[in-house]
Amino acid sequence: MSTIESGRAAASFKRWGRRNPFVRYGLPMISLTVIGSVGLAHLLQGSKEIAKVKDDREWEIIETRKALSRTGPVGSYKPKKVSLEDELKAFQQKVDINDYEYKKIPKPNESK
């Protein structure tokens with residue numbers, strides 16, 4: 001290919017780029033964005049899988065060493081039955097609603 005032919009090819013390419021600016025500027029920009037996002041998603045997925053495998057292994061080690069469940073040592077978590085009526089009675093015994101004292105709330109512009 002001679003220099004004249006390569007010059008003609010370059011000129012026709014420039015003309016083509018001037019006529020279609022989307023192909024010259026937009027298409028490369030969009031393709032880089034899409035390829036970059038796909039590549040980053042692929043990399044992040046790999047790191048998430050590795051972290052999940054590590055967490056699973058660590059949990060298995062802890063579970064076998066100390067015989068733990070998700071809530072603590074096996075059989076140690078036994079929630080106490082609580083009724084609202086009992087809690088209300090206990091609170092009423094602690095607090096006397098007839099014994100109160102009026103206190104003046106200072107206004108923001110008022111000095112103490």
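Okay, one bit of vocabulary before we start: when I say helix, I mean a DSSP run of H or I with at least four residues, and the helices are numbered from the N terminus. With that in hand, Leu 27 is found in helix 2, and we'll come back to that residue shortly. Do keep in mind that what you're looking at is a predicted model.

So, the overall layout. The chain has three helices and two strands, and if you walk along the sequence you meet them in the pattern α-α-β-β-α. There are 112 residues, and 4% of them count as buried. The accessible surface comes to about 11,500 Å², with 60% of that belonging to carbon and sulfur atoms.

Now let's start at the front end. Helix 1 covers residues 3–19, and it gives the most to a patch of positive charge, with four residues. The patch itself gathers Lys 14, Arg 15, Arg 18, Arg 19 and Arg 24 on the surface. Arg 24 lies in helix 2, and at 42% relative accessibility this arginine counts as partly exposed. That label fits because partly exposed covers the range between 20% and 50%.

Moving along helix 2, which spans residues 21–66, we get to a nonpolar patch. Phe 22, Leu 27, Ile 30, Val 34 and Val 38 make it up, and together they have about 470 Å² of accessible area on the surface. Here's our Leu 27 again: is this residue buried or partly exposed? Partly exposed, at 44% relative accessibility.

There's a database note for this stretch, too. UniProt, in an unreviewed entry, lists residues 22–44 as "transmembrane region". In the model, those residues are 100% helix and 0% strand, and the C-alpha atoms at the two ends are 31 Å apart.

Last stop, further down helix 2. How many salt bridges does a search of the whole structure find? Just one. The partners are Lys 52 and Asp 56, and their closest N and O atoms are 3.4 Å apart. That counts because the cut-off is 4 Å between a side-chain nitrogen of Lys or Arg and a carboxyl oxygen of Asp or Glu. As for where they sit, the two are four residues apart in helix 2, so about one helical turn separates them. Lys 52 counts as exposed at 53% relative accessibility, while Asp 56 is partly exposed at 35%.

That's the tour: a positive patch with most from helix 1, a nonpolar patch that includes Leu 27, and one salt bridge.

Definitions and conventions: Residues numbered from 1 in each chain as written. Predicted model: local features only at pLDDT ≥ 70, side-chain atom pairs only at ≥ 80, totals over all residues. Heavy atoms only, no water. Buried < 20%, exposed > 50% of the residue type's maximum accessible area, 1.4 Å probe, protein only. Patch = residues over 30% accessible without salt bridge, like charges linked within 9 Å, V, L, I, M, F, W, Y side chains within 5 Å. Areas by Shrake-Rupley, 256 points an atom, 1.4 Å probe, with all protein chains shown as cover. UniProt positions renumbered as here; feature names shortened; annotations may be inferred. Lys, Arg positive; Asp, Glu negative; His and termini not counted. Charge placed at Lys NZ, Arg CZ, Asp CG, Glu CD.
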